[in-house]
Amino acid sequence: MAELIPEFDSVVAPARKGIVRLLDHVVTWWALAGGCVFVGLVVMSIISIIGRKLFSAPIEGDMELLMMGAAVGSAAFLPVCEMHDHHIKVDALTTWMSERGCAVLDMVAHMLLMLASAAIAWRTILYVIECHENMEVSALLLVPMWQPVLLMVPSFVLLTAAALYRLLVSTQLALGAKS
């Protein structure tokens, strides 16, 4: 999309330097790692299906691994979506609004996402501690549940940081936008 509209990225966000550039690189690599998790899950599923159909020997606990991996992998995509402001937006109700009004709505949305993701990160950390203390394990493979849950915490922390960045950008746009 950005290739079709050359000035697209400069309209949405100013040039990224310093800590913002570092954050951009981190969330991009984190999303790529989430993609690798999904590739691994697909390969595991194919091997398990072939093993089940041809040899009556599926991978033990493949559904448990699939659920855990999908949660970790999908959480990894959230920060990069927010960093580049590519979450789904419904513009049907804002077509009549001014540029400043839309920017203010974006500002509120990014602020709410920042607060919600910070709360989710905090509660996820507490859940990791609780799972570890209670020695909670998965049903079939006996994987300690705190391990996959812990892998989601960096995604929510990065989502909070990306939402803060988008909040700052949308605030600048709201202050500089035409009425």
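Helices here are DSSP runs of H or I with at least four residues, numbered from the N terminus. With that label in hand, keep in mind that what you're looking at is a predicted model.

Let's begin with the whole chain. It has six helices and zero strands, so if you read along the sequence the pattern is simply α-α-α-α-α-α. Of the 179 residues, 32% count as buried. The chain exposes about 11300 Å², and carbon and sulfur atoms supply 74% of that area. Contacts are worth a look too: among those between residues at least 6 apart in sequence, 78% join residues at least 24 apart.

A good place to step inside is helix α3, residues 62-83. At 1.5 Å a residue, its 22 residues should span 32 Å, and the end C-alpha atoms are 33 Å apart, which agrees. Its buried residues are D62, E64, M68, G69, V72, G73, A75, A76, P79, V80, E82 and M83. As a reminder for reading a list like that, an α-helix has 3.6 residues a turn, so residues three or four places apart point the same way. The cover over the buried residues of α3 includes α2, α4, α5 and α6.

Not every residue of α3 is tucked away. F77 lies in this helix and counts as partly exposed, at 32% relative accessibility. Leaving aside neighbours within four places in sequence, F77 is in contact with A31, G34, G35 and F38. You can also check F77 against L32: the two are 45 residues apart in sequence, but their C-alpha atoms are 8.2 Å apart in space.

Now turn to the pairing of α3 with α6. Two packed helices are described by the angle between their axes and the distance between the axes. For α3 and α6, that angle is about 10 degrees and the axes are 8 Å apart. Angles under 35 degrees count as roughly parallel, and α3 and α6 are therefore roughly parallel to each other. On the α3 side, the residues that meet α6 are A75, A76, L78, P79, E82 and M83; on the α6 side, they are S155, F156, L158, L159, A162, A163, Y165 and R166. A75, A76, P79, E82 and M83 also appear among the buried residues of α3.

What about charges? Side chains of opposite charge can pair when their charged atoms come close. With a cut-off of 4 Å between a side-chain nitrogen of Lys or Arg and a carboxyl oxygen of Asp or Glu, the count comes to two salt bridges. One of them joins R52 and D62, with the closest N and O atoms 3.3 Å apart. R52 lies in helix α2 (residues 18-55) and D62 in helix α3, so the pair ties together parts that are ten residues apart in sequence. R52 counts as partly exposed at 37% relative accessibility, whereas D62 is buried at 9%.

The other bridge joins R166 and D85, where the closest N and O atoms are 3.7 Å apart. R166 lies in helix α6 (residues 153-176) and D85 in the loop between α3 and α4, so this pair ties together parts that are 81 residues apart in sequence. Here R166 is buried, with a relative accessible area of 2%, and D85 is buried as well, at 16%. R166 is also one of the α6 residues that meet α3. D85 has a backbone feature to check: just after α3, D85 takes a positive phi of about 55 degrees.

Stay in that loop between α3 and α4 for a moment and you'll find T94. T94 counts as buried at 17% relative accessibility. Not counting residues up to four places away in sequence, T94 touches C102 and L105.

That leads into α4, residues 99-134. At 1.5 Å a residue, the 36 residues of α4 should span 52 Å, and its end C-alpha atoms are 52 Å apart, which agrees. Buried in α4 are G101, A103, H110, M114, S117, A121, T124, V128 and C131. The cover over these buried residues includes α3, α5 and α6. After α4 comes M135, whose phi is positive, near 50 degrees.

Terms used
Residues numbered from 1 in each chain as written. Predicted model: local features only at pLDDT ≥ 70, side-chain atom pairs only at ≥ 80, totals over all residues. Heavy atoms only, no water. Helix = DSSP H or I, 4+ residues; strand = E, 2+ residues; numbered from the N terminus. Buried < 20%, exposed > 50% of the residue type's maximum accessible area, 1.4 Å probe, protein only. Contact = heavy atoms within 4.5 Å. Areas by Shrake-Rupley, 256 points an atom, 1.4 Å probe, with all protein chains shown as cover. Expected span 1.5 Å × (residues − 1). Axes fitted to C-alpha atoms, helices over the stretch in contact; angles between N-to-C directions. Parallel < 35°, antiparallel > 145°, perpendicular 65-115°, else oblique.
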